[in-house]
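Me: Please take a close look at a single part of this model, the protein surface that faces one of the nucleic acid strands, and describe it in one connected account.

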There are 2 protein chains.
Amino acid sequence: MAERLAHYVTLTPSEEEALGQLEQQERSFRRGATVRGENDLGRELFIVQKGWLYSCVLLSNGSRQIMRFHFPGDVVGVTSLAFGRSIDSITAVTDAVLCPFDKDRLATVFEEHPRLSALIFSISLAERASLADRLASVGRTSARARVASLLCELLARLRVTGGADLLEFHVPLTQEEIGDATGLTAVHVNRMMRSLVDDGLIARNGSTIRILDEARLTAEVNFINRYAQLDTSWLPGAR
Amino acid sequence: MAERLAHYVTLTPSEEEALGQLEQQERSFRRGATVRGENDLGRELFIVQKGWLYSCVLLSNGSRQIMRFHFPGDVVGVTSLAFGRSIDSITAVTDAVLCPFDKDRLATVFEEHPRLSALIFSISLAERASLADRLASVGRTSARARVASLLCELLARLRVTGGADLLEFHVPLTQEEIGDATGLTAVHVNRMMRSLVDDGLIARNGSTIRILDEARLTAEVNFINRYAQLDTSWLPGAR
DNA sequence: CGACCCCTTGATTAGCCTCAACAACCGTGG
DNA sequence: CCACGGTTGTTGAGGCTAATCAAGGGGTCG
């Protein structure tokens with residue numbers, strides 16, 4: 001996590017130590033395992049060390065909405081910080097390793113490291129912006145654009161750690177999971193993926209996706225990369 | 001705003017003063033006016049004194065997605081805090097009065113009032129949860145449920161200031177605006193509203209809506225009130 | 001090897017959109 | 001005061017997108 005935050009500001013030793021405190025424990029989860037269910041009472045947050053996860057809600061009609069996929073370096077469970085119970089459930093897409101820590105630890109950070117807390121707040125706002133983008137995508141664009149948009153988001157986020165020139169990446173998601181993130185059925189996701197392939201925008205090889213025509217892909221989606229840069233000019237001084 | 005935060009914790013005099021600092025200026029906007037456009041450079045946030053507003057994004061296909069409606073006491077523009085430019089535009093639904101303040105003022109709050117900043121963070125997380133609920137609604141439920149869900153959300157939020165027994169409220173929104181919030185066309189919003197009226201769930205009189213059968217309405221939507229209570233147990237000590 | 005999961009494709013259905021027309025209401029200006 | 005244009009709400013008809021239902025194939029794990 002310290003590594004992630006260091007992308008945006010230069011951390012002081014004291015800040016680095018405070019962040020290190022949060023990553024002392026480790027817990028492993030198997031592919032498909034539920035880290036935390038909806039309505040659970042847990043007071044824990046998690047930092048992802050390894051693997052992909054997603055957070056989702058289950059609806060009374062039996063369907064599911066995936067809110068966000070989580071990669072190494074992400075903090076998951078933050079959304080439930082403000083509530084007594086967990087508001088979503090967290091599931092491992094692949095085998096994963098997480099570092100759990102208690103809410104109270106975050107209070108310490110807020111108390112002692114104003115700049116870190118403002119930065120964590122900023123990152124949370126970037127995630128919220130990304131959620132808003134997804135809402136716009138699901139609410140107001142075609143099925144094909146929604147799928148393309150999700151691919152663009154995954155690509156942009158993987159590039160943060162995988163290099164800005166990344167064009168080919170492994171997607172361990174089932175088409176049903178992609179559907180649950182984009183508000184589509186698995187069947188229709190399949191057709192839209194095929195349509196993207198047929199039009200030469202992407203290529204697929206098993207679960208590996210290669211971007212063939214990034215310009216046309218992003219143009220079709222009006223995608224905005226929320227992770228490229230944050231405005232850190234307003235942050236208070238470091239301690 | 002101090003009044004709003006006082007719902008969750010008892011503010012210290014020093015905290016109250018810090019919040020008062022944010023509400024020193026006032027600016028008025030006419031119905032339909034744009035407070036701040038997408039991509040604007042402004043470093044301002046706003047506290048709503050009077051009126052309804054919404055924040056939305058415009059898509060390249062000409063459509064619009066409304067992210068959230070804002071009422072008196074809300075802080076608007078927070079989402080753009082983390083970015084150099086505004087990520088959404090803010091428009092006045094009715095004549096409105098706002099108190100603008102600069103990002104830097106918030107930095108001061110983060111520096112000097114850890115509990116307030118954690119609380120502001122929590123409220124931002126509650127808004128994010130509400131956005132997630134909307135996404136689930138738009139992505140995975142029927143048109144009728146989406147409209148009903150929006151009505152439930154408005155009702156729950158108006159009750160925070162209007163009293164818990166509120167059943168009848170004025171909705172200054174056009175059906176097109178409701179459609180842009182729920183991912184529907186104005187025509188279909190109209191049909192769904194009619195269907196809710198025909199089934200005896202709500203009654204309409206001009207732009208006033210009365211909830212006739214709240215139990216059935218909320219049951220149809222699996223609505224969760226994100227504003228009723230926040231978990232403040234983890235907050236750091238006050239200053 | 002069998003069971004299960006996931007992908008794929010086809011046929012049909014349903015929900016929501018589009019287009020269109022008209023009524024009601026509002027603020028504006030003559 | 002009334003005429004007017006513009007906006008909003010309402011309703012109908014028809015079309016298209018995505019869902020549903022269904023069936024088969026490939027891969028993986030026990």
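Reply: For sorting residues by character, Ala, Val, Leu, Ile, Met, Phe, Trp, Tyr, Cys and Pro count as nonpolar, Asp, Glu, Lys and Arg as charged, and the others, Gly among them, as polar. This is a predicted model, in which local features need pLDDT of at least 70 and side-chain atom pairs count only at pLDDT 80 or more, while totals for chains, interfaces and linings use all residues. Residues are numbered from 1 along each chain as its sequence is written, chains are lettered from A and ligands numbered from 1 in the order in which they are written, and side-chain values use heavy atoms, with hydrogens and water left out.

The surface near DNA strand C (a residue is near if one of its heavy atoms lies within 4 Å of the strand) divides into four nonpolar, seven polar and four charged residues. Of the 15 residues around this strand, those that come nearest are A:Gln175, A:Asn190, B:Ala143, B:Thr185 and B:His188. Seen from the side of the DNA, 73% of the strand C atoms within 4 Å of the protein belong to sugar or phosphate, and the rest to bases.

Individual atom pairs add detail to this picture. A phosphate oxygen of strand C lies 3.1 Å from a polar side-chain atom of A:Arg204, and a phosphate oxygen is likewise 3.1 Å from a side-chain N or O atom of B:Thr185. For B:Arg191, a side-chain N or O atom is 3.4 Å from a base oxygen of the strand. The elements that give two or more residues to this surface are α7 (186-198) of chain A and α7 (186-198) of chain B, where helices are DSSP runs of H or I with at least four residues, numbered from the N terminus. The most is given by α7(A), with four residues.

Technical notes. Polar contact = N/O pair within 3.5 Å; in protein donor to acceptor, adjacent residues only side chain to side chain.
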